[in-house]
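User: Could you pick one part of this model and take me through it closely? I'd like to know what it packs against and which residues do the touching, with the overall picture afterwards.

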Amino acid sequence: MLGLKLPTDPRWVNIVEKNIEEILTDHAYCEQKATSTAISLIVSFPEYTELVQEMTKLVKEEISHFKMVHDKIIARGFVLGRDRKDDYVIQLLKFFPKGGSRTTQLVHRLLYAALIEARSCERFKLLSEELTETELADFYRSLMVSEANHYTMFLNFARQYGDRKEVEKKWQDLLSYEAEIMKSLSKSEAIHG
């Protein structure tokens, strides 16, 4: 359903389980960045009323997810660590050339957001199925559905605002590029890393 061309190696969960504090901190910042992305889309493209309406809802949802993860961190006696760079996103954002029309820029940003949400959804599914700690597995199962909805929302907006055929080609090309990135990742306790 997600269209990802390279699934995460299930052994990634073994890395995660060795440092739950690290994955929770990384996850909290992913939720914060998702909130920032939604706000940025509102600020950058205010003339797209439907997008603004949906991004407003998304800001509320993503910040509530941040709080949920932060509450898990506190409940375990941890403190939210510092943000760290996300090599996955840094590499991903190199795919589309900078510039172009406002519509092109919007479509590119929507496709990036769709793919990041798709990978998050795939990772959450894996955590929900493979984590030995039931409480955390259930937590990731509940978040997985939201991520799937976000992925389809971003992808549908890209298709709505861009030329459908061109958007589909860009999406497939981006998926192939992302699969290459993933070959060098899945070695750390990070949601995308």
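Analyst: Let's go with α3. Its buried residues pack against α2 (20-44), α5 (102-130) and α6 (134-161). Here helices are DSSP runs of H or I with at least four residues, strands are runs of E with at least two, and both are numbered from the N terminus. "Buried" means under 20% relative accessible area, "exposed" over 50% and "partly exposed" in between, using a 1.4 Å probe and protein chains only.

Before the details, a word on the source: this is a predicted model, so local features need pLDDT of at least 70 and side-chain atom pairs count only at pLDDT 80 or more, while totals for chains, interfaces and linings use all residues. Residues are numbered from 1 along each chain as its sequence is written, and side-chain values use heavy atoms, with hydrogens and water left out.

α3 runs over residues 49-75. From first C-alpha to last, its 27 residues reach 39 Å, close to the 39 Å expected at 1.5 Å a residue; the expected span is 1.5 Å times one less than the number of residues. After the helix comes Gly 77, which has a positive phi near 80°.

Now for the buried positions. They are Leu 51, Val 52, Met 55, Leu 58, Val 59, Glu 62, His 65, Phe 66, Val 69, Lys 72 and Ile 73. It helps to recall that an α-helix has 3.6 residues a turn, so residues three or four places apart point the same way. Among the buried names are Glu 62, His 65 and Lys 72, and two of these deserve a visit.

Start with Glu 62. This α3 residue counts as buried because its relative accessibility is 0%. Setting aside residues up to four places away in sequence, Glu 62 touches Glu 31, Ala 34, Thr 35, Glu 117, Glu 147 and His 150, where a contact means heavy atoms within 4.5 Å. Glu 62 and Ala 38 sit 24 residues apart in sequence, with their C-alpha atoms 8.9 Å apart in space.

Further along α3 is His 65. With 5% relative accessibility, His 65 is also classed as buried. Beyond its neighbours within four places in sequence, His 65 contacts Glu 31, Leu 143, Ser 146, Glu 147 and His 150.

Glu 31 came up for Glu 62 and for His 65, so let's look from the other side, following the 3% relative accessible area that makes Glu 31 buried. Glu 31 belongs to α2. Outside the four places either way in sequence, Glu 31 meets Glu 62, His 65, Phe 66, Val 69, Phe 124, Leu 143 and Glu 147. Leu 131 is another matter: its C-alpha is 20 Å from that of Glu 31, with the two positions 100 residues apart along the chain.

His 27 is also in α2. Its relative accessible area of 0% is why His 27 counts as buried. Again skipping neighbours within four places, His 27 contacts Val 69, Phe 124, Phe 139, Tyr 140, Leu 143 and Ile 191. Val 69 is one of the buried α3 residues.

Time to zoom out. The protein chain has seven helices and zero strands, with the order α-α-α-α-α-α-α from the N terminus. Its radius of gyration is 16 Å, which agrees with the value near 16 Å for a compact globule of 193 residues; the radius is taken over C-alpha atoms, and the globule rule is 2.2 Å times the number of residues to the power 0.38. The C-alpha trace spans about 45 × 30 × 25 Å along its principal axes. In the chain, 48% of the 193 residues count as buried. Of the contacts with a separation of 6 or more, 82% join residues 24 or more positions apart.

On the outside, the accessible surface is about 9,500 Å², and carbon and sulfur atoms hold 56% of that; these areas come from the Shrake-Rupley method with a 1.4 Å probe, and for residues, only the protein chains shown count as cover.

For contrast with the buried α3 residues, take Arg 11, in the segment before α1 (12-17). Arg 11 counts as exposed because its relative accessibility is 58%.
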